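Biologist: Hello! I would like a close look at the charged side-chain pairs in this model, and at what lies around them. Could you take me through that part?

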Amino acid sequence: TPETIPETTPEETEPEETTSEETESSTQETTPEGDSSVEQPTSEQETTPQKKYPEGLALDENGVWKYYKNGEICTSYTGLTLYYGTWYYVEKGVLNWNYTGLTNYYGTWYYVKGGRLDWGYTGLTKYYETWYYVEKGILNWNYTGLTNYYGTWYYVQRGILNWNYTGLTNYYGTWYYVKGGRLDWGYIGLTNYYGIWYYVQK
């Protein structure tokens, strides 16, 4: 089991369907005609075939993607699983296409959008009433600075939006004034930053 998910962006693909013909052909035994040593299936066996599911994601007979372990649906599992180069979010054994948010996988927090890990996302996301900063699909605990979210600039401190911060912050060589966690474009006046007073003008 990998320690962390590779940071390269895998080519996104839809989980591929395994056809019933493929499944049957891989599990049926070939019997030479007229061999009396091979037991013939009963009518009950013929009407209730046993479908063998692989480990990981597979499409069930109702068209639902489920997570299998030891041939059975693993309802105790919630988290990420790799399927043909794409990471998917499974919730209680079922692929959840509606989930968007954070999930922890082996100690690292990842951003999922629409049931898939989104390597391209950088920005804020809300998780249990707290806003976190994600960079390229991974929660970045080391980031402190500004980030734009739907047209508003917010102040992030160590990966978490800090609603209590009021003061100056440097962003790409320019100092900005933040009030209550948001960049305040209209502020004109003095502000104290590490014991020194500065004059801010818009």
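Biologist: How many salt bridges does the structure hold?

Modeller: The structure holds two salt bridges, a salt bridge being a side-chain nitrogen of Lys or Arg within 4 Å of a carboxyl oxygen of Asp or Glu. Before we look at them, please keep in mind that this is a predicted model, in which local features need pLDDT of at least 70 and side-chain atom pairs count only at pLDDT 80 or more, while totals for chains, interfaces and linings use all residues. Residues are numbered from 1 along each chain as its sequence is written, and side-chain values use heavy atoms, with hydrogens and water left out.

In general, side chains of opposite charge can pair when their charged atoms come close. One pair joins Asp60 to Lys66, with 3.0 Å between the closest N and O atoms. Asp60 counts as buried because its relative accessibility is 6%, and Lys66 is buried too, at 17%. Here buried means under 20% relative accessible area, exposed means over 50%, and partly exposed lies in between, computed with a 1.4 Å probe and protein chains only.

The other pair brings together the side chains of Lys126 and Glu129, at 3.5 Å from N to O. Lys126 is partly exposed, at 41% relative accessibility, whereas Glu129 is exposed, with a relative accessible area of 66%.

Let us stay with this second pair and look at the strands around it. Strands are DSSP runs of E with at least two residues, numbered from the N terminus (helices would be runs of H or I with at least four). Strand S10 spans residues 123-127 and strand S11 residues 130-135, and these strands pair in the antiparallel sense over five bridges; two strands count as paired if DSSP finds at least two bridges between them. Gly123 has Val134 of S11 opposite it. S10 and S11 make a hairpin with two residues between them, and Tyr128 in the turn has a positive phi of about 50°.

That turn residue also takes part in one of the 23 aromatic pairs of the structure. Tyr127 and Tyr128 pair edge-to-face, 4.7 Å centre to centre and with 90° between the planes. Rings of Phe, Tyr and Trp (its six-membered ring) pair if their centres lie within 6.5 Å; planes under 30 degrees apart count as stacked, over 60 as edge-to-face and the rest as tilted. Tyr127 is partly exposed, at 23% relative accessible area, while Tyr128 is exposed, at 70%. Further along the chain, Tyr171 and Tyr172 form another edge-to-face pair, at 4.8 Å and 90°. Tyr171 is partly exposed at 22%, and Tyr172 is exposed at 76%.

Back at the hairpin, Thr130 belongs to strand S11 and is partly exposed, with a relative accessible area of 25%. Thr130 and Leu161 lie 31 residues apart in sequence, yet their C-alpha atoms are 7.6 Å apart in space. On its way onward, S11 pairs with strand S12 (residues 138-139) in the antiparallel sense over two bridges, and Val134 stands opposite Leu139 there. Val134 thus links the two pairings, as Gly123 and Leu139 both stand opposite this residue. The S11 and S12 hairpin has two residues between the strands, and Lys136 takes a positive phi near 50°.

Next come strands S13 (residues 145-149) and S14 (residues 152-157), which run antiparallel and are joined by five bridges. Tyr149 has Thr152 as its bridge partner in S14. Two residues lie between the strands of this hairpin, and Tyr150 takes a positive phi near 50°.

Finally, a word on the nonpolar surroundings. The largest nonpolar core has 10 residues, including Leu80, Trp87, Tyr105, Trp119 and Ile138. A nonpolar core is a set of buried Ala, Val, Leu, Ile, Met, Phe, Trp, Tyr and Cys residues joined through side-chain atoms within 4.5 Å. Strands S5 (86-91) and S8 (108-113) each supply at least two residues of this core. A second, separate core of nine residues includes Leu57, Trp65, Cys74 and Leu95. Trp65 is also linked by ring pairs into a cluster with Tyr83 and Tyr84.
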